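Me: I would like to learn to read a protein fold, one step at a time. Please take my questions in order and keep the answers short.

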Amino acid sequence: QYVVHLPARFDPAERLPLLIDLGDFGELARDRQTASELGPLSDQQGFVLVTAQADGATAQWNVTSAKGRPDDVAFLRAIVEQLDKRLCIDPARISITGMGNGAQMAGAFVCQASDLVSAVVMVAGSATTQPCRVSERLAVLITVFDDDTVLPPTGGFGPGLQAALGPAQGVLAGGLPDPPSAEASVAAWAQ
């Protein structure tokens with residue numbers, strides 16, 4: 001599922017930038033749209049905003065492309081293709097952002113679809129430990145919080161995740177590996 005926000009001064013003949021915003025684990029698209037407060041920025045800056053949510057009862061992004069789970073890379077590619085047909089999207093100005101598990105998915109998407117994306121912003125989460133080779137140059141911003149108890153900047157899963165969901169082992173379907181530290185993520189993206 002996804003929600004589209006068109007900027008206040010939308011002109012269907014003008015090529016517009018696209019920002020895809022991915023919600024955190026369990027976050028619905030409409031809730032994410034409200035929490036992110038990106039709608040007013042879309043109106044001010046003139047970009048199309050798409051807020052997407054992961055499939056399934058728990059709305060968890062399949063960042064490892066695990067078999068037997070939704071193909072979220074294909075889902076996000078399909079969103080871009082559908083919007084390009086219906087709206088006038090500038091293919092050189094497509095960006096993706098996410099929070100927590102959504103940030104992990106944003107990083108994973110860029111690793112597999114760098115031909116579509118020019119920038120990625122990962123908030124309170126970063127790419128998985130999967131190897132990542134991008135085909136195009138892109139801007140990368142990783143934001144972490146020193147006091148994050150779910151995905152701490154030192155890497156791994158924090159006690160906040162365990163408190164909310166139980167032991168991290170096996171809680172996240174698809175066998176998500178321990179997230180890397182912020183330092184390791186920055187080093188990997190810099191290569």
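Me: How many bridges join strand β5 to β6?
Reply: Strands here are DSSP runs of E with at least two residues, and helices are runs of H or I with at least four, numbered from the N terminus. Two strands pair if DSSP finds at least two bridges between them. Strand β5 covers residues 119-123 and runs parallel to β6. The number of bridges joining them is five.

Me: Which residue of β6 is the bridge partner of M122?
Reply: Strands of a sheet pair through backbone hydrogen bonds, either parallel or antiparallel. For M122, the bridge partner in β6 is I142.

Me: What kind of model is this, and how are residues numbered?
Reply: The model is predicted: local features need pLDDT of at least 70, side-chain atom pairs count only at pLDDT 80 or more, and totals for chains, interfaces and linings use all residues. Side-chain values use heavy atoms, with hydrogens and water left out, and residues are numbered along each chain as its sequence is written, from 1.

Me: What is the strand order of the six-stranded sheet?
Reply: The sheet is open and its pairing is mixed. Its edge strands, β1 (2-5) and β6 (139-143), each pair on one side only. The order is β1-β3-β2-β4-β5-β6.

Me: In what order do the elements run from the N terminus?
Reply: The chain has six helices and six strands. From the N terminus on, they run β-β-α-α-β-α-β-α-β-β-α-α.

Me: Which residue in β3 stands opposite Y2?
Reply: β1 and β3 pair in the antiparallel sense. Four bridges hold that pairing. Opposite Y2 in β3 stands A52.

Me: Which side chains of β1 point to the buried face?
Reply: Buried means under 20% relative accessible area, exposed means over 50%, and partly exposed lies in between (1.4 Å probe, protein chains only). In a regular strand the side chains alternate between the two faces of the sheet. Along β1, Y2 and V4 point to one face and are not buried. The buried ones, on the other face, are V3 and H5.

Me: Is T51 buried or exposed?
Reply: T51 is found in strand β3. Contact means heavy atoms within 4.5 Å. Leaving aside neighbours within four places in sequence, T51 is in contact with Q1, Y2, V3, D21, A29, R32 and Q33. Its relative accessibility is 0%, so T51 counts as buried.

Me: What is the relative accessibility of R32?
Reply: R32 sits in helix α1 (residues 29-36). Beyond four places in sequence, the contacts of R32 include D21, E27 and T51. R32 counts as buried, because its relative accessibility is 12%.

Me: Where is E37, and is this residue buried or exposed?
Reply: E37 is found in the loop between α1 and α2. Its phi is near 55 degrees, a positive value in a residue other than glycine. With a relative accessible area of 59%, E37 is exposed.

Me: Which residues of α2 are exposed on the face turned away from its buried side?
Reply: The buried residues of α2 are L38, G39 and S42. They cover an arc of only 105 degrees around the axis (taken from the directions from the helix axis to the C-beta atoms), which puts them on the same side of α2. What covers them includes β1, β2, α1, β3 and β4. The face turned away carries the exposed residues P40 and Q44.

Me: How far apart are the C-alpha atoms of F47 and F10?
Reply: F47 lies in the loop between α2 (38-45) and β3 (48-52). F47 is buried, with a relative accessible area of 10%. F47 and F10 are 37 residues apart along the chain. Their C-alpha atoms are separated by 8.6 Å.

Me: Which element gives the largest share of the largest nonpolar core?
Reply: A nonpolar core is a set of buried Ala, Val, Leu, Ile, Met, Phe, Trp, Tyr and Cys residues joined through side-chain atoms within 4.5 Å. This one has 35 residues, and L18, L22, L76, I96, M105 and F109 touch the most other members. Elements giving two or more residues include β2 (16-22), α3 (72-86) and β4 (89-99). The largest share, seven residues, comes from α4.
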